[in-house]
Structure formats: structure tokens, C-alpha cells
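Trainee: Please take me through this model and its labels. I would like to see how each one follows from its cut-off.

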Amino acid sequence: MENRGITFGYGFLSQESSFDVQFSLIEFDGSHSYFRAYLVGLLNTILVSVIGIIFATIIGVVVGIARLSNNYLINKTAAVYVEFFRNIPLLLQIFFWYFAALRALPLPQDTEPMFGFFFLTIKGFFVPAFIWNNLDIFIYSIIAAIISIIFIRIYARKKQENEGIQTPVLSISIGLLIILPLLSFLFGGVDASVEVPVLKQLSQSGFTYEGGIKLPPELISLALALSLYTATFIAECVRAGVQGVSKGQKEAAASIGLTPNQVLKLVVMPQALRIIIPPTTNQYLNLTKNSSLAAAIAYPDLVLVFAGTALMQTGRAIEIVSITMLTYLSLSISISIFMNWYNKKIAIKEK
Amino acid sequence: MNKLNFLQPDKNNLNTYLYTGVILVALSIFLVFLNSFFEKDLISFLPGTLSFFLPLILGFIGLHLIRIEYSGLKFLDSVNKNINTNNFNAFLSLLIVFAVIKSLPPILSWFILDANIAGDSKDVCTGTGACWTYIKIWFNRFMYGMYPNAEQWRINLSFIALAFLGTIGFFATEKFKKYLTLYYVVVYPVIAFFFIFFFISGGPIFFDFSYGIIAAVISIIIGFFIPSKFKMYYFIIVPITLYILLKYVFFYEELIELGKLEALEWVETGAWGGLSLTFIVSFFCLIFCFPIGLFLSLGRRSDFPIIKYFSIGMIEFWRGVPLITVLFMSSVMFPMFLPEDMFIDKLVRVIIAISLFEAAYVAEVIRGGLQALPRGQYDAAKSLGMGYWKMHILVILPQALKLVIPGIANTFLALVKDTPLIFVVGLLEIVGMLNLAKTNPEWLGFAMEGYVFASVLFFIICYAMSKYSYNLEQKYKTER
């Protein structure tokens with residue numbers, strides 16, 4: 001290393017980065033430091049992972065249940081979906097959405113609005129934005145609602161164990177989640193207005209939308225490909241989990257007089273979740289790691305911004321690659337530690 | 001005549017219900033069919049929303065009418081049981097049928113009816129459908145990358161030969177069956193390596209290869225006359241001595257002349273690409289990652305703390321990072337740790353990186369199998385006086401590996417699907433070639449065709465692999 005004239009050190013992190021990033025959640029331009037560039041990349045990675053995880057879970061659970069359906073058509077449709085998306089490389093899917101499918105979208109000036117406010121164009125997806133006054137009070141009210149729900153759940157469980165009386169936790173929780181934010185609107189001075197994207201002419205033939213939030217096509221195609229791909233694995237996890245609960249359990253539950261809903265809620269789901277959750281978390285982890293493929297379509301995630309642009313500029317290959325790897329590593333190790341703890345907690349306690 | 005109750009179809013008026021229902025369903029399907037294939041709307045006189053939903057409503061009522069349990073008609077019963085158990089199911093079934101009918105015409109027209117395949121330039125693609133001409137023209141590039149056209153027979157020949165050698169297991173007689181594992185684990189990879197290294201890449205190294213072949217052939221021929229007691233030593237010592245003698249003492253000049261005649265043109269790995277590179281990379285990674293993963297999984301269960309924690313560290317590290325950063329590391333960071341004059345080929349680095357990466361996953365899968373075996377198996381093997389290796393090779397691993405065939409197959413599938421990532425280091429396998437072809441100024445705007453083509457190829461490969469693993473699983477399934 002020495003004879004190649006390479007020095008080692010992390011001092012470059014505080015230097016001025018002098019490059020710009022297309023899309024970032026926090027303010028960033030050339031005058032910010034490389035460390036801030038790292039944060040921008042990390043936040044973008046987290047953003048696309050969270051979006052991907054939410055959609056993958058929704059699609060995966062729906063498809064997994066469809067896969068268990070006794071309706072031949074639904075079952076086969078789900079099977080075709082799973083086999084198809086699972087057997088095509090993720091990178092190919094990302095390229096497909098980005099270079100082929102989203103490129104077929106209309107130009108901003110030709111776009112028909114969806115539901116009046118949403119504009120899906122070749123330059124990205126423009127959605128209305130909320131402009132908040134006193135956003136922090138609103139967020140506090142939601143947090144307060146969640147915390148009180150947790151306490152109510154604990155209280156309800158205790159009550160059921162001691163006195164055998166069930167509390168309608170679900171309706172109380174939903175009520176709390178609606179009422180507390182509503183109160184913040186009425187008394188906390190929270191105010192929200194909607195800003196709709198408006199078409200604006202930049203030049204003779206160049207149009208764009210102004211106002212609202214712009215989701216770049218990179219983000220859309222990446223999130224789409226990640227969630228469609230990971231959903232197939234989650235669907236299989238869900239299917240395996242529900243099938244893993246033996247028939248005798250359901251029959252036994254039915255025979256002691258539980259209603260079908262209760263059977264599902266009290267007998268099948270707890271056991272199925274025990275099988276479903278560990279592999280599903282693994283899939284979430286895979287999704288997060290796979291989001292690094294963003295570099296291929298220039299979505300500014302951690303790998304592209306930090307291990308790409310910053311590395312090119314500083315030439316600090318060892319430091320940057322090791323920081324990037326450490327970030328992913330600590331992410332996955334912390335999740336796997338959590339999973340081990342969780343596994344131990346829910347494992348069947350055998351004598 | 002019995003009273004008809006349309007809310008509750010029953011068996012008494014089976015025919016009435018059946019005919020009304022079938023006619024309604026057929027009508028609804030016919031409406032959608034006309035609409036989607038011939039763009040004719042028979043019910044356009046109705047108000048907008050109603051004409052849109054009418055087929056759905058008609059079909060729904062129809063399916064409701066034919067939902068008669070134990071009707072005695074076999075076909076009707078199976079329809080009811082499979083797609084029409086209740087209202088919700090009927091609704092979903094209808095939706096799926098309509099969606100298929102609706103989406104068929106555009107798909108058909110894009111893929112076949114309006115597509116072009118004739119001709120050899122972009123100008124022939126005038127239709128609204130796919131331009132398969134693009135695939136046709138670029139086919140060689142997609143398959144072989146930048147490999148020179150005149151030399152592509154070498155790739156074909158090697159792959160055909162390797163495929164043939166790979167099927168030897170099916171033809172082996174009983175006598176040779178026991179050597180098959182050895183063949184597939186050791187001999188076959190070595191042969192494959194020689195093929196790819198000397199045949200596909202070619203070049204001056206081929207000279208050395210000719211010495212090696214001669215040494216091997218001579219030593220095998222003499223080997224038949226050696227008593228089996230000494231055979232092992234013989235096959236280790238003699239070929240190497242022969243090789244050295246041949247190269248440096250006997251036929252130095254003559255063989256170089258011989259080699260020159262047969263020398264193949266050197267094709268550097270940067271020029272390899274396309275689907276053949278996908279195969280090469282996945283093949284070698286498959287071969288290497290399995291034994292490494294096996295040893296890591298054994299190491300993780302070892303009693304020696306050093307081996308144990310080393311294995312855990314290796315596994316958790318590779319599993320924790322994305323493959324793309326591993327490839328980054330292999331391309332930008334790794335060369336810095338090498339001595340100045342040392343150079344490792346890009347392809348080799350990639351293969352090492354992917355193998356180590358996938359080995360960690362294989363290790364975890366195999367560990368699952370090892371943990372699933374009851375302790376009694378270990379104890380029984382030990383009580384027979386078996387040592388560590390004997391116990392694992394003869395008792396534990398055959399059972400454990402059998403259990404984890406699906407898991408290993410999944411890892412291998414993931415490996416094949418990960419190969420496109422090698423674009424990071426500048427190697428262009430099929431997806432990389434597609435991206436290159438897409439930016440060619442003469443062929444702009446055909447990204448869709450390329451990706452569909454590659455998707456179909458990958459789907460066939462991966463689907464075949466998963467079906468094969470399923471067969472293996474069934475074949476080796478033992479009742480426990």
C-alpha cells in the first residue's frame with residue numbers, strides 16, 4: 001500500500017464533497033461534507049428499503065393467502081406470479097422497469113392526472129404534498145396514541161389473565177389513533193394544506209411539474225422491482241407457515257367451540273407466525289441488501305453516492321468500501337441478534 | 001313444476017338453473033371477448049358505468065345460479081368445487097377470467113401478430129409489436145459477448161463436451177457407480193476448468209497443456225501395469241516427473257513446434273460475455289461454494305474455539321454485506337493488498353468473491369441439516385468406533401445433505417440470479433450485454449425486447465433448476 005502512495009485515514013469525511021446528489025431527503029449540495037453524503041446515501045437506502053418492505057409485505061401476504069385458496073384460478077394465478085418473478089434476476093427486473101416500462105410513460109405535458117392530483121410521467125411520479133403547521137405536535141400526538149395503545153394492551157392481557165374478561169383492544173386502539181391526532185388539529189394548532197403539482201414550462205418543449213413531491217423514476221422502479229421480487233419469497237413463507245400448522249390444531253380448536261375467527265386468531269395465527277416471522281425477517285434483510293442494486297440505475301443510495309461518487313473523488317477505496325460494508329454488516333447483525341432473541345422468546349418451551 | 005327461487009338454487013330444477021346460469025356466464029364472457037378482441041361494444045347504449053360492469057354482474061348472477069351442491073353432474077360439481085365455492089370466490093374467478101381475456105390481445109399482438117423478425121436492420125421494425133430482428137442481429141453478442149465470431153465454435157464445443165461429460169452419471173454401470181461422487185466432485189470440475197482455461201481462453205498456455213496431456217496419457221497407460229498397492233503413490237509422483245522431464249529435458253523444441261501448430265488464439269477474459277459467461281461464472285461458483293460452505297458449516301459446529309469463531313465470523317460477514325459491495329471490494333480494494341507486479345484476472349477475482357459470498361449461505365443451509373439430525377446418529381457412529389471424518393462422510397453428511405436439498409437448490413438459484421451483478425467490475429454477461437446493445441445508436445428504443453428475451457432465458461434456466469431440485473428431493477426422500 002505504501003509504495004502505491006496511498007495513505008489511510010478517515011479525515012476526508014469532514015472535507016467538502018463538491019458534488020451534487022439528484023435526490024436526497026436532507027439538504028445536500030457540494031458545500032457539505034463527505035460524511036453528510038454518507039448520510040444522504042444511507043437515508044435513501046433506508047427510504048427505498050422501507051417502501052419496498054411495506055409493499056412486499058402487503059403483496060406477499062395477499063399472494064401467500066391466495067396460494068392457499070381452494071379456488072383453482074386464484075391459486076394458479078398466484079403460483080404463476082410467484083414462479084415468474086422469483087426466477088428472474090432482480091437486476092433484470094430493475095432494468096426492465098427502469099429502462100423499458102417507465103420509459104414508455106408520457107411526457108409531463110401529455111400526462112392525464114390520476115384521481116385529479118397524481119401525475120405519472122416519464123420524469124417521475126408527482127404527488128401532492130401536505131404543508132404542515134406545527135407538524136411536531138401532530139407527530140407527538142401519534143406517538144402518544146401508540147404508547148397508550150401499548151399500555152392498554154398490557155393492561156388488557158393482565159386483566160384477561162387475572163379475571164378472564166376480554167377488553168376490546170382493537171376498537172379502543174383505532175379510536176385512540178383517530179381521536180388523539182384529531183384533538184391535535186382542534187386544539188394543538190396543527191394545520192395542513194395540500195399543495196397540488198402544477199405544470200410549468202421550462203423551455204420551448206421542456207415541461208415539468210412544480211410543487212408537491214416528486215418521486216424520481218429510479219426510486220419507483222427500484223421499489224417496484226424490490227417489492228415484487230421479495231413478495232414472492234414472503235408469499236412462500238406465509239404459505240409454509242399456515243400449512244405448517246397441523247390440521248389437528250384447527251380441529252381441536254373447533255371442537256372446543258371456538259368460532260372460525262377465533263380459531264384463526266387464537267390458534268392458527270400464533271403458531272403460523274412462529275414459522276413465518278424468522279424467514280420473513282431474513283427476506284427483509286435481503287431486500288435491504290438488494291437495494292444496493294440501485295447503483296445500476298443511478299438511484300443515489302449508499303453504494304452509489306458513497307462507494308461510487310465519493311470513492312471516485314477521494315480515491316479512498318479501503319476506507320470507503322469498509323465503511324459501506326460495515327454499515328450493511330451492522331444493520332444485518334443487529335437484526336439477526338434481534339431475531340435470535342425473538343426466536344428464543346417465541347420458541348416452544350420444551351421440558 | 002317446482003317453484004323457482006333464484007336466491008337459492010337447488011337440485012329440483014337443475015336444468016333451469018343450469019341453462020340460465022351457463023347462458024349468463026357465457027354471455028358475459030362473450031361480451032368481454034368481443035370487446036377485447038374485436039373492439040366491439042354491444043352494450044354501449046347503456047350508461048357508462050353500467051356498460052362497464054354489466055359483464056361482471058351477469059357472470060356473477062350466472063355463477064350464483066349454477067352453484068348447486070351435489071348436482072350429480074361431474075363437471076358442474078368440479079367447477080363449483082374449484083372456482084365457485086362462494087360469492088367471493090366466484091367474483092374473484094370472474095375477475096381473473098376477464099383479466100386474462102382482456103390482456104391476451106395486446107400481449108399476443110406485441111409478441112407475435114404485430115412483431116417483426118425478418119430483415120436485418122432497424123428499418124423493418126415498423127409494426128407496433130416487438131422487434132425480434134433486434135434480438136436476431138444481436139443474438140451472437142448476447143450469447144458470446146465480445147468473443148470473436150470466428151472463435152465461437154470453441155465455446156460451443158466446450159459446452160457441448162462438458163454437457164456430455166456431465167451426463168456420464170446416467171450411463172455409468174453398477175461397477176463405476178461408487179466412483180461417481182468422486183468424479184463429479186473432483187474430476188469433472190478439473191476437466192471443466194481445463195476446458196475453459198485452455199480451450200475458451202486459448203493462447204500460449206496451451207503449449208504447457210500439451211505436455212500435460214502427454215504426461216497424463218503415458219502415465220495412465222503405464223498405470224495399468226502397476227500393482228494396485230503402489231498405484232496411489234504412482235499417480236502422484238510419475239505424472240509430475242514426466243511433465244517436468246518432457247518440458248525441460250526431452251522434447252523441448254519439438255513440442256513447442258507442435259504446440260504452435262495447434263495454438264488457439266488468445267481471447268482475454270474481458271472479451272468473454274453474454275450467456276456463456278453467465279454459465280461459466282455460475283458453474284465455477286457452484287463448484288467452489290459448495291465445499292467451502294460445507295467446511296464452514298462443519299467448522300461452525302467444531303469444538304475448537306479458533307475454528308468455530310473463524311467460521312462464525314466468515315459466515316456472518318459474508319451474509320451481512322450485499323454482493324455488490326463484495327464485488328466492489330474485489331475490484332477496487334483487493335488489488336491494493338497485492339504485490340505490485342502481481343495481477344489476478346478480473347474473472348478469477350469475481351469467481352472467488354461470489355464463491356465466498358454464496359458459500360456462507362450454503363454453510364447456513366447445511367448447518368440446518370446438521371442440526372436436524374438427532375444426536376443418536378452421532379452417538380451411534382461414535383460407538384462404532386468411527387473418527388470425526390469417517391463419521392461425517394459415511395453417516396452424518398449423507399443424511400444431512402439429503403434433508404437440505406431444497407435449501408441448497410435455492411442458494412444455487414440465487415447464485416445464478418446474482419451473476420448479472422458482475423457488471424460492477426466491467427464483465428458483461430447477458431444483462432450487461434443487453435444494456436450495451438440498448439445504447440447502440442443504431443438500435444435505440446428496443447430495451448423492452450431485450451429484457452423480455454433475457455427474462456425468458458433466465459426463467460427457463462431457473463425454473464428447470466428448481467424443478468430438477470424438486471425431483472432430486474423426491475428421489476432421495478426417505479421416510480423418517
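**Labels and their cut-offs**

Mentor: Let's start with Asn89(B), which touches Ser69(A), Asn70(A), Asn71(A), Ile74(A) and Ile83(B), not counting residues up to four places away in sequence. This is a predicted model, in which local features need pLDDT of at least 70, side-chain atom pairs count only at pLDDT 80 or more, and totals for chains, interfaces and linings use all residues. Residues are numbered from 1 along each chain as its sequence is written, chains are lettered from A and ligands numbered from 1 in the order in which they are written, and side-chain values use heavy atoms, with hydrogens and water left out.

Trainee: What makes two residues count as being in contact?

Mentor: They need heavy atoms within 4.5 Å of each other. Phe423(B) is another case: leaving aside its neighbours within four places in sequence, its contacts are Leu91(A) and Ala296(A).

Trainee: Why is Asn89(B) called buried, exposed or partly exposed?

Mentor: Buried means under 20% relative accessible area, exposed over 50%, and partly exposed in between (1.4 Å probe, protein chains only). Asn89(B) has 8% relative accessibility, so it counts as buried. The residue sits in helix α4 (residues 87-113) of chain B.

Trainee: And which label does Phe423(B) get, and why?

Mentor: Its relative accessibility is 25%, so Phe423(B) counts as partly exposed. You will find Phe423(B) in the loop between α19 (405-418) and β1 (428-429) of chain B. Leu327(B) is 96 residues from it along the chain, with 9.4 Å between their C-alpha atoms.

Trainee: Why does Phe187(A) get its label?

Mentor: At 68% relative accessibility, Phe187(A) is exposed, because that label begins over 50%. Phe187(A) belongs to helix α5 (residues 169-187) of chain A. For Phe187(A) and Ala307(A), the separation is 120 residues in sequence and 48 Å from C-alpha to C-alpha.

Trainee: What is noted about the phi of Ala298(A)?

Mentor: Ala298(A) has a positive phi of about 65 degrees, although it is not a glycine. This residue lies in the loop between α8 and α9 (302-314) of chain A, and its 42% relative accessibility makes it partly exposed.

Trainee: How do you know that α9 of chain B departs from a straight helix?

Mentor: Helices here are DSSP runs (H or I, at least four residues; strands are E, at least two), numbered from the N terminus. The expected span of a helix is 1.5 Å times one less than its number of residues. Helix α9 (residues 180-200) of chain B has 21 residues, yet its end C-alpha atoms are only 26 Å apart, short of the 30 Å of a straight helix. α9(B) bends by about 35 degrees at Val187(B) (the angle between axes fitted to the seven residues ending there and the seven starting there). A proline, Pro189(B), follows within four residues.

Trainee: How does helix α14 of chain B compare with its expected span?

Mentor: Helix α14 (residues 305-320) of chain B, with 16 residues, reaches 22 Å from first to last C-alpha, close to the 22 Å expected. Its buried residues are Ser311(B), Ile315(B), Trp318(B), Arg319(B) and Gly320(B). They pack against α8 (260-290) and α10 (317-346) of chain A, and against α13 (274-300), α15 (323-333) and α16 of chain B.

Trainee: What makes a set of residues a nonpolar core?

Mentor: The members are buried Ala, Val, Leu, Ile, Met, Phe, Trp, Tyr and Cys residues joined through side-chain atoms within 4.5 Å. In the largest one, of 163 residues, Tyr134(B), Phe142(B), Trp272(B), Ile354(B) and Ile430(B) touch the most other members. Helix α16 (residues 346-372) of chain B gives the most to this core, 13 residues. A second, separate core has 20 residues, including Leu14(B) and Phe98(B).

Trainee: Why do β5 and β6 of chain A count as paired?

Mentor: Pairing requires DSSP to find at least two bridges. Strand β5 (residues 198-201) and strand β6 (residues 207-210) of chain A have four, in the antiparallel sense, so they qualify. A hairpin of five residues joins them, and Gln201(A) has Phe207(A) as its bridge partner in β6(A).

Trainee: Finally, how is chain B divided into domains?

Mentor: Chain B has domain 1 (14-113) and domain 2 (120-147 + 269-480), with bounds from an automatic or database domain assignment. Their C-alpha centres are 45 Å apart.
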